[in-house]
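Hi everyone, thanks for coming. I'd like to walk you through one structure today, so let's put it up on the screen.

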Amino acid sequence: MKIRLVVVFAVAALACELATAQPRVTVIDRQSFDGAELGALEGATHRLRLAVVILEGGGWTRQRAVVSLLEASTILAQCGVALERVEFIVLAVPESYMDFSTPVARELASAFPVSRPAVYLVRDTRARPAFDAEAIGRGNSRTRTEIADTAWITAATRDPGIVFAHELAHVLMDSGEHAQEEGNLMRDETSPGNKRLSAAQCERLLDKGKANGLLR
C-alpha cells in the first residue's frame, strides 16, 4: 500500500511540474462583434464566423486588425460571403510564442483553443522558406491537426487586408493553389490590384467551406 501511495504522489507531482512548465498564455482583451456592427453587406448566401487572435507586443494594433478584416470582408463578398460574427482576442504570450513556426503554433493553439476558422496575427516567422503569411487547411494539416483551419500573418506583411482575404480563401477552399491570372486574389504575390476571384474559385470556396463546417 505504501509503495502504491508513493507512486501516486510521484505521478501527481510530475503532472504538477509539467503543468507549471507550460508557457503561460493570458487573455488581455476579448470582444465579439456581429456582422451588422462590422458593416456586413446584405444579400450574402453564406456566413462566416471568425476568431482573430492578436499577440500583444507583436506589432499588430487592434485598429490595423479591424481595418484589415473589413477590407478582406469586402473582397470575400464577391463570392456571397459575409461576416456573421467575429471574436477579437488579445493574448499576452511568452517571447517564444511571438513568431510563427509549426511547433510553436501547435503549442499555442493547444494552450489556448479558439473557434475555427481563426486568423493569428504574429510578430514574425521562423519558418524556412520565410513567408509573411501561411494558411493551414485540412489538406496540409494531417501532421499538425491542432492548427487546421487557421491562417498566420506577420506584422511585416504588405497589403494586410488583401492578405487576410487571400489566406482565408486558402483555408476556406482547403487548397494551397495559386492562380496565374492578372488581378486574381490567389496570385502568389499579393498587391492592391489582385482582388478578383473567379466563379470557379468562389464555387470551391463555398462548397468546401460549407462541407468543412467553416461557412453557414
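I'll talk about the pockets, then the salt bridges, and end with one buried residue. Please keep in mind that this is a predicted model.

Let's begin with the largest pocket. It holds about 550 Å³ of space. There are 23 residues in its lining, and those nearest the centre are Phe131, Ala133, His166, Glu167 and His178. Which helix gives the most to this lining? That is H4, with five residues. Strand E7, residues 133-136, also supplies at least two, as does H4, which runs over 160-173. If you sort the lining by class, you get five nonpolar, 10 polar and eight charged residues.

Now the second largest pocket, with a volume of about 160 Å³. Its lining consists of Met173, Ser175, Glu177, His178, Ala179, Met186, Ala200, Gln201 and Arg204. Here helix H5, residues 199-211, provides the largest share, with three residues. The classes come out as four nonpolar, three polar and two charged. If His178 sounds familiar, you just heard it among the residues nearest the centre of the largest pocket, and it also lines this second one.

On to the salt bridges. How many does the structure hold? There are 12, and I've picked a few.

Asp29 and Arg62 pair through their side chains, at 2.7 Å from N to O. This pair links distant parts of the chain, since Asp29 sits in strand E1 (residues 26-34) and Arg62 in helix H2 (residues 62-76), 33 residues apart. Arg62 is partly exposed, at 40% relative accessibility.

Next, Asp99 and Arg123 form a salt bridge, with their closest N and O atoms 2.9 Å apart. Asp99 is in strand E4 and Arg123 is in the loop between strands E5 and E6, so the pair ties together parts 24 residues apart in sequence. Is Asp99 buried or exposed? At 12% relative accessibility, Asp99 counts as buried, while Arg123 is partly exposed at 28%.

My third pair is Arg158 with Glu189, whose closest N and O atoms are 3.5 Å apart. This one joins two loops, one between E8 and H4 and the other between H4 and H5. Both partners count as exposed, Arg158 at 52% and Glu189 at 51%. There is also a salt-bridge network linking Arg49, Glu84 and Arg216.

Finally, have a look at Thr154 in strand E8, residues 150-154. Thr154 is buried, because its relative accessibility is 3%. Beyond its sequence neighbours within four places, Thr154 has contacts that include Trp60, Asp124 and two residues we've already met, Arg123 and Phe131.

Thanks, and I'm happy to take questions.

Notes:
Residues are numbered from 1 along each chain as its sequence is written. This is a predicted model: local features need pLDDT of at least 70, side-chain atom pairs count only at pLDDT 80 or more; totals for chains, interfaces and linings use all residues. Side-chain values use heavy atoms; hydrogens and water are left out. Helices (H or I, at least four residues) and strands (E, at least two) are DSSP runs, numbered from the N terminus. Buried means under 20% relative accessible area, exposed over 50%, partly exposed in between (1.4 Å probe, protein chains only). Contact means heavy atoms within 4.5 Å. On a 1 Å grid over the protein atoms alone, a cavity is a set of points where a 1.4 Å probe fits but cannot get out, and a pocket is an open set with protein on both sides within 12 Å along at least five of seven lines; lining residues have an atom within 4 Å of a point. Grid points are joined across faces, edges and corners, and a volume is the space filled by probe spheres set on the points. Ala, Val, Leu, Ile, Met, Phe, Trp, Tyr, Cys and Pro count as nonpolar, Asp, Glu, Lys and Arg as charged, and the others, Gly among them, as polar. A salt bridge is a side-chain nitrogen of Lys or Arg within 4 Å of a carboxyl oxygen of Asp or Glu.
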